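Good morning, and thank you for the time. I would ask everyone to have the sequence and the model open while I speak.

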Amino acid sequence: MEEVKSEILDFLGKCEEVKSSKFIMALTRIGDLLKSIVNSRTLYDLFNSVTTDFDYKAAQSRCFVKSSDGFRSSGKIVLPGSRRDKLAFIFCLLVDIDRETINFNDFLQRYFSDDGSFYSCFHAFCEQIIDPLARIIKDAYSQMFGGEVPSVHESSSNVSPSPHSELSTILSTIYLLICQEKQYILESAIPDDDKETGYKMLTEVYNALKDCNFEVANSLVNGYNYYILYNNTISPNVQTLFESIRAFEDKAA
């Protein structure tokens, strides 16, 4: 229980670091926030659950509300109604920002513009995206620990975040690469049934690596390699993914 508590507090701390960071460091802090999810079995399982079968592309069309006054385009973000879909949407959005599929500067100016400065746009982004994310997790944490919700600042001196070993760093990289790979497959032109097959294979690759079941992981990677060659869905990052998997196995051996 203490380990889970430490992981949750580490995550909440990373949310605070995003909010308190200078704009120039925002992408780095968002990457750190995503890694804290990967390094926590509790949070990984939670986000894996909420993103399974979540249609991010359809959610984008509903949540990215665009408007124009005839001279300039603007917009706003309307988060999904349910907590589950909020978590899924925010997570997918942060992954897109982290891998720079979304140009963060343009995104802030379009959907969070106030006085036009990046500072105010980033502040609005934190209020509308990072705060709801932290609040949902904090509420879930409160229920898990019988209502005991110490503040991040108060708890940081009492509970040390779990150290990020070299293995966990590589695994974090693999997770983010797999998220990118999944999105590439989902956006490809192959049939939906084939997309589902590839998505499931990638999920099982990560699960096998987490459990250090390298025989299963290698079988799945070989199968996925055949899958992308057969479907002609070779992403720009797939070679990096395979190399990271090999590096993880070498370090864990």
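How many aromatic pairs does the structure hold? In this predicted model, the number is 18. A pair of aromatic rings is described by the distance of the centres and the angle of the planes. Let us take F104 and F122 as an example: their ring centres are 6.4 Å apart and the planes stand at 85°, so this pair is edge-to-face. It connects distant parts of the chain, since F104 belongs to helix α6, residues 104-111, and F122 to helix α7, residues 118-144, with the two positions 18 residues apart in numbering. Are these two residues buried or exposed? F104 has a relative accessibility of 6% and counts as buried; F122, at 5%, counts as buried too.

A further pair joins these helices. F107 and F125 are also arranged edge-to-face, with 6.5 Å from centre to centre and 80° between the planes. Here again distant parts of the chain are linked, F107 lying in helix α6 and F125 in helix α7, 18 residues apart. Both F107 and F125 are buried. These four residues belong to a cluster connected by ring pairs, which also includes F23, Y56, F64, F89, Y111 and F112.

I remain with helix α7 for a moment, where R135 is found. With a relative accessibility of 48%, R135 counts as partly exposed, because the exposed class begins over 50%. The C-alpha atom of R135 is separated by 9.0 Å from that of L12, although their positions lie 123 residues apart along the chain.

I turn now to the pockets. The largest pocket contains about 700 Å³ of space. It is lined by 28 residues, and those closest to its centre are T51, D53, F54, L186 and Y199. Y199 has a further contact to note: K182 lies over the face of its ring, 4.4 Å from the ring centre. Which helix gives the most to this lining? It is α10, with seven residues. By class, the lining of the largest pocket comprises eleven nonpolar, five polar and twelve charged residues.

The second largest pocket has a volume of about 200 Å³. Among its lining residues are V38, R41, L171, K210 and F248. Two elements, α9 and α10, each give two or more residues to that lining, and α9 gives the most, with three. The classes here are six nonpolar, three polar and two charged residues.

Thank you; I would be glad to discuss any of these points.

Note on methods: Residues are numbered from 1 along each chain as its sequence is written. This is a predicted model: local features need pLDDT of at least 70, side-chain atom pairs count only at pLDDT 80 or more; totals for chains, interfaces and linings use all residues. Side-chain values use heavy atoms; hydrogens and water are left out. Rings of Phe, Tyr and Trp (its six-membered ring) pair if their centres lie within 6.5 Å; planes under 30 degrees apart count as stacked, over 60 as edge-to-face and the rest as tilted. Helices (H or I, at least four residues) and strands (E, at least two) are DSSP runs, numbered from the N terminus. Buried means under 20% relative accessible area, exposed over 50%, partly exposed in between (1.4 Å probe, protein chains only). A charge sits over a ring if NZ of Lys or CZ of Arg is within 6 Å of the ring centre and within 35 degrees of the ring normal. On a 1 Å grid over the protein atoms alone, a cavity is a set of points where a 1.4 Å probe fits but cannot get out, and a pocket is an open set with protein on both sides within 12 Å along at least five of seven lines; lining residues have an atom within 4 Å of a point. Grid points are joined across faces, edges and corners, and a volume is the space filled by probe spheres set on the points. Ala, Val, Leu, Ile, Met, Phe, Trp, Tyr, Cys and Pro count as nonpolar, Asp, Glu, Lys and Arg as charged, and the others, Gly among them, as polar.
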